[in-house]
Amino acid sequence: MQDPCQLVRKSFGDPVAEDMRFVVKSVVGEENFIDMTPNMSNNYCCGGGGGYLQSGYTEARHQYGKMKFDQIKNTGATYCIAPCHNCHSQIHDLNDHFDGGYHTVHLWTLICLSLGCLGENERAYLGPDLAEVGL
Amino acid sequence: MADEALNLSEKKAEFREKIKELLPEGNLNLCFTCGTCAAGCPATGLENMDPRKFVRMIALGLDEEVLTTPWIWMCSLCMRCIYACPMKVDIPNMVGLARRTWPREKRPKGIIDSCDMALRNDTCSAMGANEEDFQFVVEDVAEEVREEQKGWEDLQAPVNKKGAEFFLNQNSREPVTEPDEMIPLWKILHLAGADWTYGTKGWAAENYCLFAQDLENWEKIVRVKAKAVDDLGCKVWLNTE
Ligand code: SF4
Ligand code: SF4
């Protein structure tokens with residue numbers, strides 16, 4: 001899971017990062033959650049913030065994001081949860097650019113999936129392994 | 001690299017003085033060049049720059065280099081440097097001040113256009129979605145869920161509900177390009193029993209004028225949004241961005 005700079009380091013700090021972990025672990029199961037290193041307030045920015053996505057400096061944005069990409073790949077996880085819009089766009093794009101083979105999902109998607117109420121048209125970011133679950 | 005030593009006495013260091021004036025808490029003089037900032041900054045190495053170097057160049061009065069490098073647009077203002085810095089040197093705000101020295105028309109067009117677009121109507125949408133379009137999309141999507149998804153006949157996505165506890169912002173990307181992505185959020189709010197609403201005014205979560213460092217228009221947008229929350233009498237302003 002990405003700790004969004006805006007939410008964690010720049011606003012509510014480690015307590016909100018702990019809250020998010022509580023939610024994520026409840027949703028995916030504790031044994032399925034793998035943290036990145038470093039994380040929480042120490043986490044690296046994904047490279048989507050500060051206007052980067054609109055700035056036109058695409059090559060730099062990818063180079064910047066390589067640090068995040070490697071962090072995600074090092075977890076070995078197949079899904080990265082991005083609970084922020086910019087993070088979601090950037091991490092999704094990093095996967096396309098560097099051919100990462102992971103899926104980038106919003107937290108709301110997984111919450112509803114685990115509650116058994118995720119509709120058919122609300123699954124754009126799920127991989128084939130989860131796309132049909134609970135339909 | 002210059003083969004001659006820099007003659008610092010020739011440098012005017014106007015930007016350094018400006019930072020001292022506008023950012024007295026910036027701790028520019030406290031940097032002891034440890035490099036902690038640069039070690040943990042993903043923008044290190046881009047344009048042959050890094051945060052420590054940026055700070056040193058300001059301190060040395062290398063104004064021309066500091067104020068022309070596009071690196072200031074490749075820093076994401078993520079604040080990891082100041083978080084990690086033992087002396088709390090405020091590099092992100094120095095980057096912001098450097099952005100402000102660029103003439104508006106020279107700043108990245110995509111950021112400026114998004115800022116300008118948000119000023120066109122009271123929705124504050126950087127993608128230009130207007131009040132009617134937003135309300136139509138929300139009501140249309142909610143209606144479809146009520147009709148087609150079993151167990152969700154009661155799902156509400158209120159717009160302009162006076163006195164609701166939460167005023168919810170929404171990034172423009174959803175209503176404009178992938179409206180179905182709003183549904184899971186509504187369902188969670190419904191299951192939590194939250195008393196919430198969107199507003200036709202001020203619903204858009206983004207504010208690119210901040211990144212453009214057009215602070216006058218940034219404030220204008222924040223005020224339009226805050227007024228929208230107040231006008232509906234909502235207690236909490238929730239921003240999902
Ligand atoms: S971490 Fe702080 S003190 Fe160390 S080099 Fe960077 S700005 Fe200077
Ligand atoms: S705010 Fe900018 S300089 Fe500081 S760590 Fe983030 S990207 Fe690097």
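Which residues of helix α3 (residues 51-59) of chain B are buried? I started there, keeping in mind that this is a predicted model. My list for the helix reads Pro51(B), Phe54(B), Val55(B), Met57(B), Ile58(B) and Ala59(B).

Next I checked what sits over those buried residues. The cover of α3(B) includes α1 (14-22), α2 (36-39), α4 (63-68) and α6 (91-101), each from chain B.

Then I went to the ends of the helix. At the N-terminal end I found a cap from Asp50(B), with a side-chain oxygen 2.9 Å from the backbone nitrogen of Arg52(B). Past the other end, α3(B) is followed by Gly61(B), and I noted its positive phi, near 80°.

Arg52(B) came up again when I looked at ligand 1, as one of the residues around it. I also wrote down Cys31(B), Phe32(B), Thr33(B), Cys34(B), Gly35(B), Thr36(B) and Cys37(B) there. Cys85(B), Pro86(B), Val89(B) and Ile91(B) complete that shell. By class I get eight nonpolar residues, three polar and one charged.

Over to chain A for a pocket. I looked up the second largest one, and its volume is about 410 Å³. It is lined by 18 residues, and the closest to its centre are Val28(A), Asn32(A), Tyr79(A), Ile81(A) and Leu110(A). The elements giving two or more residues to this lining are α1 (8-28), α3 (58-75), β1 (79-81) and α5 (107-114), in chain A.

How many nonpolar, polar and charged residues does the lining of the second largest pocket have? I noted 14 nonpolar, four polar and no charged ones.

Definitions and conventions
Residues are numbered from 1 along each chain as its sequence is written. Chains are lettered from A and ligands numbered from 1 in the order in which they are written. This is a predicted model: local features need pLDDT of at least 70, side-chain atom pairs count only at pLDDT 80 or more; totals for chains, interfaces and linings use all residues. Side-chain values use heavy atoms; hydrogens and water are left out. On a 1 Å grid over the protein atoms alone, a cavity is a set of points where a 1.4 Å probe fits but cannot get out, and a pocket is an open set with protein on both sides within 12 Å along at least five of seven lines; lining residues have an atom within 4 Å of a point. Grid points are joined across faces, edges and corners, and a volume is the space filled by probe spheres set on the points. Helices (H or I, at least four residues) and strands (E, at least two) are DSSP runs, numbered from the N terminus. Ala, Val, Leu, Ile, Met, Phe, Trp, Tyr, Cys and Pro count as nonpolar, Asp, Glu, Lys and Arg as charged, and the others, Gly among them, as polar. A residue is near a molecule or strand if one of its heavy atoms lies within 4 Å of it. Buried means under 20% relative accessible area, exposed over 50%, partly exposed in between (1.4 Å probe, protein chains only). Contact means heavy atoms within 4.5 Å. A polar contact is a pair of N or O atoms within 3.5 Å; within protein, one must be able to donate a hydrogen and the other to accept it, and residues adjacent in sequence count only if both atoms are side-chain atoms.
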